[in-house]
Amino acid sequence: MSRSASLYLLRLAQALLAVAAMTWLLVLARQWLNTPTAALLYLLPVGVSTALWGLPSGIAAATAAFFAFNYFFLPPYYTLVVFAPQEILDLAVFLIIAVTISQLLGRAQASLATAQAREREARHLSDLSTALLGQVEMEDIARTIAERVLLSLPGAEVGVLLEPGQGSNRTAAFLPPDAGGRLHRPDLTVPIQGMRGLLGEIAVRTPRRITDEEHRLLRTYGAAAALAIERALLAAADHRARLLSQSDAFKSALLSSVSHELRSPLATIKAAVTSLLGHEIDWDSDARQDLLEAVDEETDHLNLLVGN
């Protein structure tokens, strides 16, 4: 028999024992009690059973209280036979009230449990979002997610595998460290799905059953992990874009500087050659020599610039 079935039967037995204890007390005081008072007192174990052990236990307590009330407090005693129509009506009203109380308390308990589960889920998600805030390295993101999953599932083995994009390196984190670097046959695998597609997965192996609340929490962790990964990818893309922009600006400045440095000797060479080729002025030998030396000098300067 599984542990959950054993716990279920134990709660039913506790509810029946509560009704039995109340019956023993009421039988001892039967001579001082009237029928309506006994019926009201039987509602106590019904309410307590529902509040402590859930709706099924409350229904079981209500049924047991119905038969005990009929058997011990409606004449003829110690039989389930009812003759008077008023007593039949009393029994019917008692059963309806007992079952209604059980259902109302059960619904209130279920609503409270749901609200508490949502609160825990919101708190865990807030803690995870805070821990992931500002992280841009995939190794840090994977390890943070694994740590938070392990906090939510004590005693489990957790593996987080991140594949942020095609051609990128896989990043994995396993906790506890003695998990062996991989999980053989995980009990649950939650995909990390983002706008870019599948970004990785969260694998969990635990000796106990994973509840629906924990499963929902792991899916929430997967969504938070996807947001963190995409934020890190956007940050990396923005960093690369800034580097490219700075590189383009540097290239433009360098080309502008080189262009200016190259134009100066070219302008001198062009002016000297143009003057020498012109026939309007009769250059004497000294002036011609100066122009030729200027051309030679600027040519060497230009050659030095190109070499640099």
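**Exercise 1. Arg-143 and its accessibility**

Work out whether Arg-143 is buried, partly exposed or exposed in this predicted model, then find the charged partner of its side chain.

*Solution.*
Step 1. Start with the accessibility: Arg-143 has a relative accessible area of 41%. Partly exposed covers the range between under 20% and over 50%, so Arg-143 is partly exposed.

Step 2. Now look for a partner. Side chains of opposite charge can pair when their charged atoms come close. Here the side chain of Arg-143 meets that of Glu-147, with 3.5 Å from N to O. The cut-off is 4 Å, so the pair counts as a salt bridge.

Step 3. Check the partner too: Glu-147 is partly exposed, at 37% relative accessible area.

Step 4. Why can these two reach each other along the chain? Both belong to helix 5 (residues 138-152), and they are four residues apart there, so about one helical turn separates them.

Step 5. Count up: the structure holds one salt bridge.

**Exercise 2. Laying out the sheet**

Put the four strands in order and say which of them stand at the edges.

*Solution.*
Step 1. Strands of a sheet pair through backbone hydrogen bonds, either parallel or antiparallel. In this model the sheet is open, the strand order is 2-1-4-3, and the pairing is antiparallel.

Step 2. Read off the ends: strand 2 (171-175) and strand 3 (188-194) each have a single partner strand, so one side of each has no neighbour in the sheet. From one strand to the next, the twist averages 15°.

Step 3. Walk across the sheet pair by pair.
- Strand 2 and strand 1 are antiparallel, with five bridges; Val-160 sits opposite Ala-173 of strand 2.
- Strand 1 (residues 157-162) and strand 4 (residues 197-205) are joined by six bridges, again antiparallel; Leu-161 has Glu-201 of strand 4 as its bridge partner.
- Strand 4 and strand 3 share seven bridges and run antiparallel; Pro-191 stands opposite Glu-201 in strand 4. These two strands make a hairpin, with two residues between them.

**Exercise 3. Covered and uncovered faces**

Sort the residues of the edge strands by face, and name a helix that lies across the sheet.

*Solution.*
Step 1. In a regular strand the side chains alternate between the two faces of the sheet.

Step 2. For strand 2, the covered face holds Thr-171, Ala-173 and Leu-175, while Ala-172 and Phe-174 are on the uncovered one.

Step 3. For strand 3, Leu-188, Val-190, Ile-192 and Gly-194 make up the covered face, and Thr-189, Pro-191 and Gln-193 the uncovered one.

Step 4. As for the helix, helix 5 lies across strand 1, strand 2 and strand 4, at about 30° to strand 2.

**Exercise 4. Helix 2 and what follows**

Check the length of helix 2 against expectation, then list its buried residues.

*Solution.*
Step 1. Helix 2 (residues 35-53) has 19 residues; at 1.5 Å a residue it should span 27 Å, and its end C-alpha atoms are 28 Å apart, which agrees.

Step 2. Its buried residues are Ala-38, Ala-39, Tyr-42, Leu-43, Pro-45, Val-46, Gly-47, Ser-49 and Thr-50.

Step 3. Just past the end of helix 2, Gly-54 has a positive phi of about 100°.

Step 4. Ser-49 turns up again from the other side: Ser-57, in helix 3 (residues 55-73), touches Arg-11, Leu-12, Ala-15 and Ser-49, leaving aside neighbours within four places in sequence. Ser-57 is buried, at 2% relative accessibility.

**Exercise 5. Aromatic pairs**

Classify the ring pair of Tyr-42 and Phe-69, and compare how buried it is with the pair of Tyr-71 and Phe-72.

*Solution.*
Step 1. A pair of aromatic rings is described by the distance of the centres and the angle of the planes. The model has five aromatic pairs. For Tyr-42 and Phe-69, the centres are 6.3 Å apart and the planes make 75°, an edge-to-face pair.

Step 2. Tyr-42 belongs to helix 2 and Phe-69 to helix 3, so this pair ties together parts 27 residues apart in sequence.

Step 3. Tyr-42 is buried at 0% relative accessibility, and Phe-69 is buried at 1%.

Step 4. The rings of Tyr-71 and Phe-72 have centres 5.0 Å apart and planes at 75°, so they are edge-to-face too. Here Tyr-71 is partly exposed at 31%, and Phe-72 is partly exposed at 22%.

Step 5. To finish, ring pairs link Tyr-42, Phe-69 and Phe-73 into a cluster.

Note on methods:
Residues numbered from 1 in each chain as written. Predicted model: local features only at pLDDT ≥ 70, side-chain atom pairs only at ≥ 80, totals over all residues. Heavy atoms only, no water. Buried < 20%, exposed > 50% of the residue type's maximum accessible area, 1.4 Å probe, protein only. Pairing = 2+ DSSP bridges. Axes fitted to C-alpha atoms, helices over the stretch in contact; angles between N-to-C directions. Contact = heavy atoms within 4.5 Å. Expected span 1.5 Å × (residues − 1). Phe/Tyr/Trp six-rings, centres within 6.5 Å; stacked < 30°, edge-to-face > 60°.
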